[in-house]
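Reader: Could you take me through one part of this model closely? I would like to look at a single helix and how it sits among its neighbours, and I am happy with a long answer.

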Amino acid sequence: MKKLDYIKMNSRYYVETAEIDIQHQEIMNMINNFIVHCTGNKNEERHFFDRIMETLINYFGEHFSTEEKLLSGTAYEKYGEHKNEHDTVLEKLKTVMNDVKNNQRELDLYDLTDYIRGWALNHILEYDKPAKECFKEGKKIHAERTGWNGINQFQLYITGPSGAPPPPAALTFAALP
Ligand SMILES: [Fe+2]
Ligand SMILES: [Fe+2]
């Protein structure tokens, strides 16, 4: 059984805004959990998918709106293109979820996980990381407007050594007010 590589958070992925980095870590934990469940056992994979796919989609949606909230109102030039990337992947994932649930598409958990993993890592490096100064600016604007300073203390959650199954997700989602 082929196995995808687990994702490990490292400084390459940091955008240096705590809320975003924590959410990216949580997304990586979720994807690692998908990798754990790619067992080749179709019934187990389908059971896992039915249990978790909506949670993943909802978390992606909340994460995207956190980013969009921070970026809107800043000088960020690629806002439209960036938002479009978010909207497109959400639509795709929802379509897959509905098709599988309605038995209109056979679930290939490995392929799906490979797709989500590739999309997320690529998106962080190609879109989120280049926007890092705008996230910081957005946070400043948001704090001035609402008096909210976000998380002052946070624990970055580092997954275990490569190849070891990651521990269960332990982060709380930090939403902007
Ligand atoms: Fe992101
Ligand atoms: Fe993004």
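**A close look at helix H4**

Author: Happy to! In this predicted model, buried residues make up 24% of the 177 residues in the protein. The secondary structure amounts to 5 helices and 0 strands, which read along the sequence as α-α-α-α-α. Among contacts with a separation of 6 or more, 82% join residues 24 or more positions apart. With that background, let us settle on H4, which spans residues 109-128.

Which residues of H4 are buried? They are Leu109, Thr113, Ile116, Ala120 and Asp128. These buried residues pack against H1 and H2. As a general point, an α-helix has 3.6 residues a turn, so residues three or four places apart point the same way.

Thr113 is a good place to zoom in. This residue of helix H4 counts as buried because 21 other C-beta atoms lie within 10 Å, where the cut-off for buried is 20 or more. Leaving out residues up to four places away in sequence, Thr113 touches Leu4, Ile31, Phe34, Ile35 and Cys38. Thr113 also illustrates how the chain comes back on itself in sequence terms: His37 is 76 residues away along the chain, yet the two C-alpha atoms are 9.6 Å apart in space. Seen from the other side, Phe34 is in contact with Thr113 and Ile116, once its neighbours within four places in sequence are set aside.

Now for the helix partners of H4, starting with H1. In general, two packed helices are described by the angle between their axes and the distance between the axes. For H1 and H4, the angle is about 160 degrees and the axes are 9 Å apart. H1 is therefore roughly antiparallel to H4, as angles over 145 degrees count that way. Their crossing is left-handed. On the H1 side, the contact is made by Ile20, His24, Ile27, Ile31, Phe34 and Ile35, and on the H4 side by Thr113, Ile116, Arg117, Ala120, Ile124 and Asp128. Sorted by class, the residues of this contact are 8 nonpolar, 2 polar and 2 charged.

The H1 contact leads naturally to the core. The largest nonpolar core has 14 residues, and those with the most contacts inside it are Ile31, Phe34 and Ile35. Helix H1 (18-36), helix H2 (42-71) and helix H4 (109-128) each supply at least two residues of this core. H1 gives the largest share, 5 residues. There is also a second, separate core of 7 residues, including Ile20, Leu70, Leu71 and Cys134.

H4 has another helix partner in H3. Here the axes are 12 Å apart and the packing angle is about 170 degrees, so H3 and H4 are roughly antiparallel to each other. H3 brings His82, Glu85, Val89 and Val96 to the contact, while H4 brings Leu112, Trp119, His123 and Tyr127. By class, that contact has 5 nonpolar, 2 polar and 1 charged residues.

The loop between H3 and H4 holds Asn103, which deserves a glance. In general, most residues other than glycine have a negative phi. Asn103 has a positive phi of about 55 degrees although it is not a glycine. Asn103 counts as exposed because it has 8 C-beta neighbours inside 10 Å. Glu16, in the segment before H1, is likewise not a glycine and has a positive phi, of about 65 degrees. With 12 C-beta neighbours inside 10 Å, Glu16 also counts as exposed.

To complete the surroundings, consider how H3 meets H2. The axes of H2 and helix H3 (residues 79-101) come within 11 Å and cross at roughly 170 degrees, which means that H2 is roughly antiparallel to H3. H2 passes H3 in a left-handed crossing. From H2, the contact involves Phe49, Met53, Glu54, Ile57, Phe60, Gly61, Phe64, Glu68 and Leu71; from H3, it involves Tyr79, His82, Lys83, His86, Leu90, Leu93, Lys94, Met97 and Val100. The class breakdown is 11 nonpolar, 3 polar and 4 charged residues.

Back to H4, then, to pull the picture together. Its buried residues pack against H1 and H2, Thr113 touches Ile31, Phe34 and Ile35 among others, and Leu112, Trp119, His123 and Tyr127 make its side of the contact with H3.

Terms used: Residues are numbered from 1 along each chain as its sequence is written. Chains are lettered from A and ligands numbered from 1 in the order in which they are written. This is a predicted model: local features need pLDDT of at least 70, side-chain atom pairs count only at pLDDT 80 or more; totals for chains, interfaces and linings use all residues. A nonpolar core is a set of buried Ala, Val, Leu, Ile, Met, Phe, Trp, Tyr and Cys residues joined through C-beta atoms within 7 Å. Helices (H or I, at least four residues) and strands (E, at least two) are DSSP runs, numbered from the N terminus. Two residues are in contact if their C-beta atoms, placed from the backbone, lie within 7 Å. Axes are lines fitted to C-alpha atoms, for helices over the stretch in contact, and angles run from 0 to 180 degrees between N-to-C directions. Angles under 35 degrees count as roughly parallel, over 145 as roughly antiparallel, 65 to 115 as roughly perpendicular and the rest as oblique. A crossing is left-handed if the near helix is turned anticlockwise from the far one by less than a right angle, and right-handed if clockwise. Ala, Val, Leu, Ile, Met, Phe, Trp, Tyr, Cys and Pro count as nonpolar, Asp, Glu, Lys and Arg as charged, and the others, Gly among them, as polar.
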